Amino acid sequence: MKTIFEKSNGVDGIGVCDEEIKIEGIIPKSLLREGKIGLPQLSELEVLRHYKELSDRNFCIEKGFYPLGSCTMKYNPKVNELLASLEGFANLHPLQEEEDSQGALELMYNLQEKLKYITGMDAVTLQPAAGAHGELTGMMIIKKYFEVRGETNRTKVIIPDSAHGTNPASAKMCGFDIVEVKSNERGQVDLEALKSLLDENVAAIMMTNPNTLGIFEEKVLEISKLMHDNGSLLYYDGANFNAVMGWTNPALMGFDVVHLNLHKTFATPHGGGGPGAGPVGVVASLKDYLPAPVIEFDGNKYYRNYNIKHSIGKVRSFYGNFGVLVRAYAYILMMGNNLKLASADAVLNANYIKEKLKGIYDLPYDEPCMHEFVLSGEKQHAEGVSTLGIAKRLMDDNIHPPTVYFPLIVHEAIMIEPTESESKEVLDNFINIMLKIAEEIKTNPEEVLKAPQKTPVKRVDETQAARHPNLAFPL
Ligand SMILES: *Cc1c(COP(=O)(O)O)cnc(C)c1O
């Protein structure tokens with residue numbers, strides 16, 4: 001497919017101004033462009049066709065099964081879009097006076113309350129714009145908490161070897177030193193290894209539960225007692241909350257800070273880089289450290305409270321990605337107690353696929369899984385096709401590849417998360433295709449290595465794309 005620059009045919013798509021604008025004396029010479037700007041010139045219809053063609057080449061949940069582990073590609077109900085585009089929400093200026101924006105403030109307040117209920121936390125900020133941003137916010141809160149207490153010796157953060165890469169990155173950005181704790185043979189934090197790491201310099205542990213192997217950390221209460229007895233705090237990475245809703249919560253497990261990904265669990269569209277929302281909840285003792293403002297209600301009106309004693313400051317302009325908040329709130333209201341059912345179905349679907357595929361593909365941790373599970377393609381790798389080849393082959397059957405090569409502790413990892421949205425027919429079709437690919441690898445691996453053949457873009461040079469990305473069209 002040609003780029004829009006190559007399609008450019010000199011047609012004026014849109015007339016901005018008939019008269020030449022005199023800029024002499026207004027803009028300093030040093031700031032003026034020397035050559036032509038080189039924008040593509042096409043009619044409006046041709047531009048439209050170009051972008052339609054591009055969007056048709058893209059894969060999305062509306063086109064097919066999308067079992068991308070750790071990403072929760074569930075159905076995003078279209079009514080959420082309708083509500084987020086209501087004029088009063090979509091066109092509201094963030095600097096609008098409080099008395100003119102009571103509806104939006106009420107929505108944010110109510111969403112904070114719902115998320116408090118779902119997580120068991122005592123206070124929530126909606127500001128962070130993504131999961132990793134929520135982690136950073138949470139770690140900044142923990143850092144400031146220890147600073148205010150004069151415990152600046154607490155410089156270490158413990159993170160399991162199964163963790164999402166953003167966890168160590170966020171803690172490190174906050175200035176903490178990362179200490180890794182090993183997982184045991186059941187894919188859970190090794191308690192003895194954890195004990196050996198504890199001292200007066202440990203600020204916190206960052207955990208995901210269920211962890212990135214899709215396994216519930218059964219020792220979580222013992223871990224939280226160990227940490228609290230050590231004077232340390234517990235951070236809960238709740239990006240993947242899809243197994244947990246209504247069944248338990250991070251407060252019951254003993255956590256002090258939690259972030260959620262509203263994109264992912266609470267059905268707002270994602271993939272391709274945003275916008276998202278990563279609200280952070282904290283226990284009462286950390287309430288005074290939240291970013292300002294928090295939305296509050298005085299019994300009469302909703303207002304922005306900037307008066308937060310030890311606030312870490314602002315982490316995002318205005319109040320976060322408001323459109324995402326509207327969608328998530330709509331989803332939570334629509335689902336109500338059925339959120340609990342959604343989690344149950346997500347867990348059931350993952351276990352169903354796991355049981356049908358284990359044996360044909362290796363299952364390194366043969367445990368009941370939560371919303372997702374991790375296979376290993378080692379056997380297939382030995383037969384001549386690596387996990388990457390399996391992922392590419394799935395695309396020819398209109399299935400988005402699962403997450404591959406993550407978590408890092410599983411060789412040739414294939415991480416599958418079906419979500420609750422899919423019917424048994426879709427799951428069975430996926431299972432059959434995975435079994436067929438395993439068979440093809442045995443009989444004809446060369447053919448599998450040619451995939452994908454039916455997609456608009458065939459096999460790309462991944463190394464070249466990662467090491468030498470060429471993102472600009474040479475003008
Ligand atoms: C997705 C994810 C994150 C990061 O979320 P972003 O919104 O992409 O920043 C963090 N932790 C886990 C476990 C995740 O799955």
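His-270 is buried in this predicted model, with a relative accessible area of 19%. The cut-off for calling a residue buried is under 20%, so His-270, at 19%, falls on the buried side. In the fold, His-270 sits in the loop between α10 and β7 (280-282).

What does the side chain of His-270 reach? One partner is the backbone oxygen of Cys-71, at 2.6 Å. Another is the backbone oxygen of Thr-268, at 3.3 Å. If you set aside the neighbours within four places in sequence, the residues in contact with His-270 are Cys-71, Thr-72, Met-73, His-263 and Lys-264.

Two of those contacts, His-263 and Lys-264, bring us to the ligand, since both are listed among the closest residues around it, together with Ser-70, Gly-131 and Asp-237. In total, 13 residues surround the ligand. Here are three polar contacts to look up in the structure.

| Residue | Part of the residue | Distance to a ligand oxygen |
|---|---|---|
| Ser-70 | side-chain N or O atom | 2.6 Å |
| Ala-132 | polar backbone atom | 2.8 Å |
| Lys-264 | polar side-chain atom | 2.8 Å |

How much of the ligand does the protein cover? On its own the ligand has 380 Å² of accessible area, and the protein covers 84% of it. Two elements give two or more residues to the surrounding shell: α6 (131-148) and α10 (262-265). The largest share, 3 residues, comes from α6. Sorted by class, the shell holds 7 polar residues, 3 nonpolar ones and 3 charged ones.

Now for a helix, α11, which covers residues 322-335. Does its length agree or disagree with what its residue count predicts? At 1.5 Å a residue, its 14 residues should span 20 Å, and the end C-alpha atoms are 20 Å apart, so the two values agree.

α11 is also mostly covered, with 11 of its 14 residues buried. Among them are Phe-322, Arg-327, Tyr-329, Tyr-331 and Met-335. Which elements do the buried residues of α11 pack against? The partners are α3 (78-84), α4 (87-90), α5 (102-119), α10 and α12 (338-357). One of these, α10, is the element that also gives residues to the shell around the ligand. Just after α11, Gly-336 takes a positive phi of about 55 degrees.

Definitions and conventions. Residues are numbered from 1 along each chain as its sequence is written. This is a predicted model: local features need pLDDT of at least 70, side-chain atom pairs count only at pLDDT 80 or more; totals for chains, interfaces and linings use all residues. Side-chain values use heavy atoms; hydrogens and water are left out. A residue is near a molecule or strand if one of its heavy atoms lies within 4 Å of it. A polar contact is a pair of N or O atoms within 3.5 Å; within protein, one must be able to donate a hydrogen and the other to accept it, and residues adjacent in sequence count only if both atoms are side-chain atoms. Accessible areas come from the Shrake-Rupley method with a 1.4 Å probe; for residues, only the protein chains shown count as cover. Helices (H or I, at least four residues) and strands (E, at least two) are DSSP runs, numbered from the N terminus. Ala, Val, Leu, Ile, Met, Phe, Trp, Tyr, Cys and Pro count as nonpolar, Asp, Glu, Lys and Arg as charged, and the others, Gly among them, as polar. Buried means under 20% relative accessible area, exposed over 50%, partly exposed in between (1.4 Å probe, protein chains only). Contact means heavy atoms within 4.5 Å. The expected span of a helix is 1.5 Å times one less than its number of residues.
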